[in-house]
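Biologist: I am new to this structure and would be grateful for a close look at a single helix and its surroundings. Please begin with how far the model may be trusted.

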Amino acid sequence: MTTTVYARVESPLGELLLVGEAVADGPDAAGAAGVRLRSLSVPGQKGGAVVQDGWRHAPEAFAEVARQLEAYFAGRSTRFDVPLAERAGTEFQRRVWAALESIPYGSTVSYGEVAARVGSSGAGVRAVGTAIGRNPLLVVRPCHRVIGADGALRGYAGGLERKKLLLGIEGGAG
């Protein structure tokens, strides 16, 4: 049995809302606190998480995620190693999100390149863009690294200014 837990963490993007699944029986393979991250969203994010009745405020459960986020924003870390909730998204979305996770820190790729990686080029670019827009794990799953074929910043559920800031932190286009 799992319980939904959440915490808020300050960041250069504004207050982040972290949502996770806590295993009721204590620690497990998900990590010391037994929490799997399900969502990381920013204020005003299109489709972002909203705290629901019954969720438990548990900032201690997200101490490691908060530490990794702070290191990332300070430029001391280039990757995240946090347990993620597995059940989110459709099979197609999960394929697209896996492609996002393979984009190296400081690099950018086009929506068309992501579409080609998941076998959905041509008209499938729009579907890939939609799947990227539904990524529930901003920052941790780096959808900010996907840009237009012409190099322009396009689409980001957290807003283009935040996308530009993230790419600037990574030394990429921005």
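Modeller: The confidence that the predictor assigns to each residue is called pLDDT, and its scale runs from 0 to 100. The model is predicted; the protein chain has a mean pLDDT of 90, with 92% of its residues at 70 or more. Over residues 26–32, however, pLDDT stays under 50. Where pLDDT is low, the predicted coordinates should not be read in detail.

The helix I have chosen is α5, which comprises residues 160–169. Its buried residues are Arg162, Lys163, Leu166 and Leu167. These residues lie on the same side of α5, because they cover an arc of only 135° around the axis. Among the elements that cover the buried residues of α5 are α1 (63–73), α3 (111–117) and β6. After α5 comes Gly171, with a positive phi near 75°.

One of the covering elements, β6, also leads to a further residue of interest. The loop between α4 (124–133) and β6 (146–147) contains Val139. Phi of Val139 is likewise positive, near 70°, although this residue is not a glycine. Val139 has a relative accessible area of 1% and is therefore buried, the cut-off being under 20%.

For the wider setting, one may turn to strand β3 (residues 35–41), in which Arg38 lies. The side chain of Arg38 makes a polar contact of 3.5 Å with that of Thr4. Beyond four places in sequence, the residues that Arg38 touches include Val19, Glu21, Trp55, Arg87, Pro136 and Leu137.

Key. Residues numbered from 1 in each chain as written. Predicted model: local features only at pLDDT ≥ 70, side-chain atom pairs only at ≥ 80, totals over all residues. Heavy atoms only, no water. Contact = heavy atoms within 4.5 Å. Helix = DSSP H or I, 4+ residues; strand = E, 2+ residues; numbered from the N terminus. Buried < 20%, exposed > 50% of the residue type's maximum accessible area, 1.4 Å probe, protein only. Arc of directions from axis to C-beta. Polar contact = N/O pair within 3.5 Å; in protein donor to acceptor, adjacent residues only side chain to side chain.
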